[in-house]
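Trainee: I'm new to this one and would like to walk through it slowly. Could you put it on the screen so that we can start?

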Amino acid sequence: MQKVLEIENQIELKRILFHADSKKTGPTVVFFAGIHGNEPAGIYALQELANDINKNINKGQCYGILGNIPALEKKQRFLDVDLNRLWTPKQIRQLENGSQLSVDQKQQKELFDLINQILRQSKGPYYFIDLHTTSSESPPFITINDALINRKFSEQFPVATVLGIEEFLSGPLLSYINSLGYVSLGFEAGQHNSHDSIENCKAFISLVIKTAGVVKKNALIFKGAAFNILQNRCKNIDHLFEVMYTEKLNENDHYTMAQGYASFQLVANGEVLGTKNGIEIASPSFGRIFMPLYQKQGSEAFFIIRTIPKLFFWLSVKLRPLKLDGLMPLLPGISWKDKKKDCLMINTKIAFLFPREIFHLFGYRQKQLDENRILAYNRERIAKTKMYKNENWFK
């Protein structure tokens, strides 16, 4: 496998890698890279494309932004705490209250301030794209929070899309941006040190800015056939998946992944996938393994995903605009969390007859609050759909 060059020989570690401004009203596209310090492929890609983006920008603005600079310097995922697990309401309040911050939290504060600055300076529509790579072999894929604006935008790209990861992760950057109502996609380009991951990032970046409309569709940003490259690397993979399980790791757990697993590989119920603290860990069901952990840092050993049935997907698209979920609080054991009416409180002792899939139909994703209560957050009700309804990709 071809390795990328050493990061210090290639990249100037500054927060804003580039800012292309057409001086004309239009979309704002924001690319993040290096949120994890051992994932440099997205940074290489943005740096290589910066001049061509600046030359070809037609309307709106485009940013390339670095994530965790101290972690990038040390080539570590993070130093104290994972920057991509810090974007919870509680952590955001700490940033705003001026609490004492760790090294990684200081990086979060700088990113938080920069995001707010970008949102103040233009009217949108906004597109936030977080570029990542994985420790295992993997074809490129997209992860999204399950709002229809994210689905529609992700459908423009010839790679698999994985929904529902926000139910199993706490505090990803894109979940925070989704809570603001904007289009936000995570792009996983392949293995950390693969040259293909850089090429996949370049192809995806090119397609994103053309689809968003900040450059003309015939603009030469990436010298290859971007759509075909990504399509060929995702052959024989279904388009749409959802996460159904994750094997969580605590700070003191010692986990070793069994060798040879790659994302989207089929696994059987009971198949041993690794060992945690000397105990074999098996897949809880038939499905596909997703992002198996082959690095020291990380709080998820692996995920199990499954294909979303086409009928279920179609139903969700049809039902959500009707807002029938507004009737759910009439059912026993279900109530609104507060007056905002974007989050349901579910008492599992009473509402045990309503499976998770029913809530998924209407755009809700669940978080366990305590033993008997679940919070179900709705991305659809807070999505700024009107901001995107006139965009070509949305029609």
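Trainee: Let me start with a small detail: which residue stands opposite I289 in β14?

Mentor: This is a predicted model, and in it I289 stands opposite I304 in β14. That pair belongs to the antiparallel pairing of β13 with β14 (residues 300-307), which extends over three bridges.

Trainee: And what does β13 do with β10, how many bridges are there?

Mentor: Strand β10 (residues 266-267) and strand β13 (residues 287-290) are joined by two bridges, again in the antiparallel sense, and here L266 is the residue found opposite R288 of β13.

Trainee: So what sheet do these strands belong to, and in what order do they come?

Mentor: They are part of an open sheet of eleven strands, whose order is β1-β3-β2-β4-β7-β5-β6-β8-β14-β13-β10 and whose pairing is mixed. At its edges stand β1 (16-21) and β10, each of which has a single partner strand, so one side of each is left without a neighbour in the sheet.

Trainee: How do β5 and β7 pair in there?

Mentor: Strand β5 (residues 141-144) pairs with strand β7 (residues 183-191) in the antiparallel sense over three bridges, and within β7 it is E188 that stands opposite F141.

Trainee: Before I go on, how far can I trust the coordinates, what is the mean pLDDT?

Mentor: The mean pLDDT of the chain is 92, with 97% of its residues at 70 or more. Residues 1-5 are below 50, although this stretch still has 13 contacts in the model beyond near neighbours in sequence. Where pLDDT is low, the predicted coordinates should not be read in detail.

Trainee: Okay, helices now. Which strands does α1 lie across?

Mentor: Helix α1 lies across β1, β2 (28-33), β3 (61-66) and β4 (126-134), and its direction is at about 30° to β1.

Trainee: And how does α1 sit against α7, at what angle do they cross?

Mentor: The axes of α1 (residues 41-56) and α7 cross at roughly 45° and come within 8 Å, and the two helices are therefore oblique to each other. The crossing of α1 past α7 is right-handed. On the α1 side the contact includes Y44, L46, L49 and I53, and on the α7 side I198, C201, I205 and I209 are among the residues involved. By type, the contact residues divide into ten nonpolar, two polar and two charged.

Trainee: Does α7 have something to say about α8 too? At what angle do those two pack?

Mentor: Helix α7 (residues 195-212) packs with helix α8 (residues 226-233) at an angle of about 130°, and their axes are 9 Å apart. These two are therefore oblique to each other, and α7 passes α8 in a left-handed crossing. In α7 the residues D196, E199, N200, A203, F204 and L207 meet A226, F227, I229, L230 and R233 in α8. This contact is made up of seven nonpolar, one polar and three charged residues.

Trainee: Last topic, the sheet with β17. Which strands form it?

Mentor: Four strands form that open sheet, in the order β15-β16-β18-β17, and the pairing is antiparallel. Its edges are β15 (334-336) and β17 (364-370), each with a single partner strand, so one side of each is left without a neighbour in the sheet. From one strand to the next the twist averages 25°.

Trainee: And how many bridges join β17 to β18?

Mentor: Six bridges join β17 to β18 (residues 373-378), which run antiparallel, and the bridge partner of Q366 in β18 is A376.

Methods: Residues numbered from 1 in each chain as written. Predicted model: local features only at pLDDT ≥ 70, side-chain atom pairs only at ≥ 80, totals over all residues. Heavy atoms only, no water. pLDDT = per-residue confidence, 0-100. Contact = heavy atoms within 4.5 Å. Pairing = 2+ DSSP bridges. Axes fitted to C-alpha atoms, helices over the stretch in contact; angles between N-to-C directions. Parallel < 35°, antiparallel > 145°, perpendicular 65-115°, else oblique. Left-handed = near helix turned anticlockwise from the far one by under 90°. Nonpolar A, V, L, I, M, F, W, Y, C, P; charged D, E, K, R; others polar.
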